Amino acid sequence: MPPTAKQEKGRQKRLRGHRIKGGLEELGELDAPPKRVALDSSAAVHESQSDGESEKEHLHLSVFGPDWDEWSQVKSTLFSASATPSAKREALSHIAVWRARERPQRPFPPYVEATELLFSVVCVDEAALLSGAALAQSYGGAISRVVHVMTGSFAAGDADTYRKRAKSMEFPEEAVEVRQRVAHGTFPSISELRWVTSMLLQYLFVHFWRVQEKEIRVMGKDKKPKPKATAKSAKPEAPVPTNSVKDIKDFLATLGSDDDSDTNSGNEEEPASTKKEPSGSSQETSVVAGWLIE
């Protein structure tokens, strides 16, 4: 018996419900962080070759490379008052390489990303590539992104708003205010945006770049090899006596009798008994009260 129209309508309704439910399960939680999938060795090598990186670079523990030399150079260039715009752009290109090296097990530090965002706009402003509303939008977008990156990455506890997160980590509240105004479509003046940008760069330098530099110096001191003992500082080892205890006692008795005879004669001569004629081809030595006995 074929189903009636009412039964068919109910069946279609249930089918649509199952489809909607299945689609929601496939979407999952949108705000949940992506799961980290461990790559095997073959996949890691293939990924390294596809990105143009060597296998050795792929195994670095940080995005800065095998050492901290490039990091120190970038820091010195960006935060130097005498650095030219071209030198700053070259330093930003190094940061772009660091960002390309990011992997699930090798993250890109948020403070470096924030520094890159701000200095990119500063370089555009210094080169006079933008002006007016376009420049204000660039500054406003960079500041808003920095507020999101920094407060979302380092804040912890019960801080559930940008202001609470900024207060918990001593982040400039002026930047949070700019982010709030930009979100509502109101852009501050260029001079105010530049001032807030300089505050953020000073905050990043004091709380992250300078602290990281101190840690690098401490790590460098720990890795220095300890000085080896030189030949001058090494103490000479005394020769080990080879004679027996009985031989030494007999020799001391001989010394005592020789001293008596020397005293009676009144002659100050070196004791001839301190030398023992070698027997055959072998020669025995011993140390008695600091004297080397042969």
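## Leu-135 in helix α7

Leu-135 lies in helix α7 of this chain, and the structure described here is a predicted model. Its relative accessibility is 4%. Because a residue is classed as buried under 20% relative accessible area, Leu-135 counts as buried.

Apart from neighbours within four places in sequence, Leu-135 is in contact with Asp-125, Leu-130, Ile-190 and Arg-194. For one of these partners, Asp-125, a backbone distance is also available: the C-alpha atoms of Leu-135 and Asp-125 are separated by 7.3 Å, with the two residues 10 apart along the chain.

## Overall architecture

The chain contains 11 helices and two strands. Read from the N terminus, the order of elements is α-α-α-α-α-α-α-α-α-α-α-β-β, with the two strands following the helices.

Of the 294 residues in the chain, 26% count as buried. The accessible surface amounts to about 21,000 Å², and carbon and sulfur atoms make up 55% of that area. Among contacts in the chain with a separation of 6 or more, 62% are between residues 24 or more positions apart.

## The largest nonpolar core

In soluble globular proteins, nonpolar side chains tend to be buried together. In this model, the largest nonpolar core comprises 42 residues. Those with the most contacts inside this core are Trp-98, Tyr-111, Ile-143, Phe-171 and Leu-204.

Six helices are listed as each supplying at least two residues of this core: α4 (69–78), α5 (85–100), α6 (110–126), α7 (133–154), α9 (173–183) and α10 (190–223). Helix α10 gives the most, with nine residues.

## Ile-143 and Thr-197

Ile-143 is one of the residues with the most contacts inside the largest core. When residues up to four places away in sequence are not counted, Ile-143 touches Leu-118, Ala-175, Val-178, Leu-193, Val-196, Thr-197 and Leu-200.

Thr-197, one of these partners of Ile-143, is placed in helix α10. The relative accessible area of Thr-197 is 3%, so this residue is buried. With residues up to four places away in sequence again excluded, Thr-197 touches Leu-118, Val-122, Tyr-139 and Ile-143. Leu-118 thus appears among the contacts of Ile-143 and also among those of Thr-197.

Notes. Residues numbered from 1 in each chain as written. Predicted model: local features only at pLDDT ≥ 70, side-chain atom pairs only at ≥ 80, totals over all residues. Heavy atoms only, no water. Core = buried A, V, L, I, M, F, W, Y, C linked by side-chain atoms within 4.5 Å. Buried < 20%, exposed > 50% of the residue type's maximum accessible area, 1.4 Å probe, protein only. Helix = DSSP H or I, 4+ residues; strand = E, 2+ residues; numbered from the N terminus. Contact = heavy atoms within 4.5 Å. Areas by Shrake-Rupley, 256 points an atom, 1.4 Å probe, with all protein chains shown as cover.
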